[in-house]
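Colleague: I am new to this structure and would like a close look at one part of it. Could you walk me through a single sheet and what lies around it?

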Amino acid sequence: MATAETESTKQKETKQKELVVCSHNEWDPLEEVIVGRVSGGAVPPWHVTLQAATPKESWELLKLLSGKPAPDAMVQAAQRDLDQFIHILQSEGITVRRPDPIPQTNPFSTPDWQAESGYNVANPRDGLLVVGEEIIETPMAWRSRYFEVHAYRALLHEYFQAGAQWTAAPKPQLADSLYNEDWELPEKGEPLQFAVNESECCFDAADFARCGRDLFVTRSNATNQFGIEWLRRHLGERYGVHEIKTQSRQPMHIDTTFVPLCPGKVLYSPDFLDPNNVPEILKSWEFLPAPRPVNTMVQMIDLSSTWLSMNVLMLDEKRVVCEASQEPLIEKLTEWGFEPIPCPYANYYVYGGAFHCSTLDIRRRGSLQSYF
Ligand code: DAV
């Protein structure tokens, strides 16, 4: 009996070692990660989904540059930051994989609509969701991102051949009827408006945060209830999917609102989240307020809120990659017992993301657990 048990433990260990895709949460030791690319990107075509997610100050310039290739100087500056980030990951012993450099600057169409251009392949966190041993292509709401996943197909094929479970959520049509063209920026205190309604199923992976058997999600300008319900039903009874109410007036992605750092601790933006208004299940967790962001605006356009400052990447329960100029955050994280690794990344922000957005953890060493 004892021998049989030992054998089965051994088998389990071997299985764990061989899993090519396996990530249950945001903090287990990171072994392999996909990091986005900045070359071949376009300024995202003007659309209500873009307007609903970007600062008002950027709207005029975004309309003007709509669909144009990203300017060279911008690409080069972002590339310098990206090189440093990749160097840090590799020096920490992590395998870094990259999407194919497929230019996103060409126009394309479907039977229902035309897009002036694609967007970029800088943020693998949005179009692919890893839940345990499964990698899921997500039904993104931005038309410009409709074929973005093609840049990841070679990797997906490789992971599949190596045994990963590979799924795609239903591809939405992204018909005109999905969008709320009348969207307006709500005044402070007014009810939220969303750029996407419930007529099709859509979600971005970055609207989900994974904590083992429980996932947290924000309803946003990219993720609707239809999308949340699809994922809930797809994952089944093994997982709980809980909604976090964001107070951002332009919500797009949970990772500038609610960022789990390790079991029992979550970093949050005090502008976007009220820790007294969270799902009951989180009551035992410690809510760590992110300090106000240091202004790092280096380009004329900003695609995101300043809370990209808290868009950190955990390499394990302690080591955390943070933007180098966010000194108040680095100080706080140190005080809270973490080991921040600073990296300049402000030039990358114009691509719409920081360390969490621009990565996709393919493998973290650990098993499926419940933390609540
Ligand atoms: O707060 O503007 C940025 C996007 C993060 N993936 C924000 C969300």
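Modeller: Happily; here is a walk through one sheet, followed by the chain around it.

A word on the basis: this is a predicted model, in which local features need pLDDT of at least 70 and side-chain atom pairs count only at pLDDT 80 or more, while totals for chains, interfaces and linings use all residues. Residues are numbered from 1 along each chain as its sequence is written, and side-chain values use heavy atoms, with hydrogens and water left out.

The sheet is open and has three strands in the order S2-S1-S17, with mixed pairing. Strands S2 (95-97) and S17 (359-364) are at the edges with a single partner strand each, so one side of each lacks a neighbour in the sheet. Neighbouring strands here are turned by 25° against each other on average, direction ignored. Strands are DSSP runs of E of at least two residues, helices are runs of H or I of at least four, and both are numbered from the N terminus. Two strands pair if DSSP finds at least two bridges between them.

Strand S1 (residues 30-35) runs parallel to S2, and three bridges join them. Isoleucine 34 stands opposite arginine 97 in S2.

Helix H4 (residues 72-91) lies across S1, S2 and S17, running at about 160° to S1. Such angles run from 0 to 180 degrees between N-to-C directions, with axes fitted to C-alpha atoms, for helices over the stretch in contact; contact means heavy atoms within 4.5 Å.

Around this part, the protein chain has eight helices and 17 strands in total. Its C-alpha atoms fill a box of roughly 70 × 45 × 40 Å along the principal axes.
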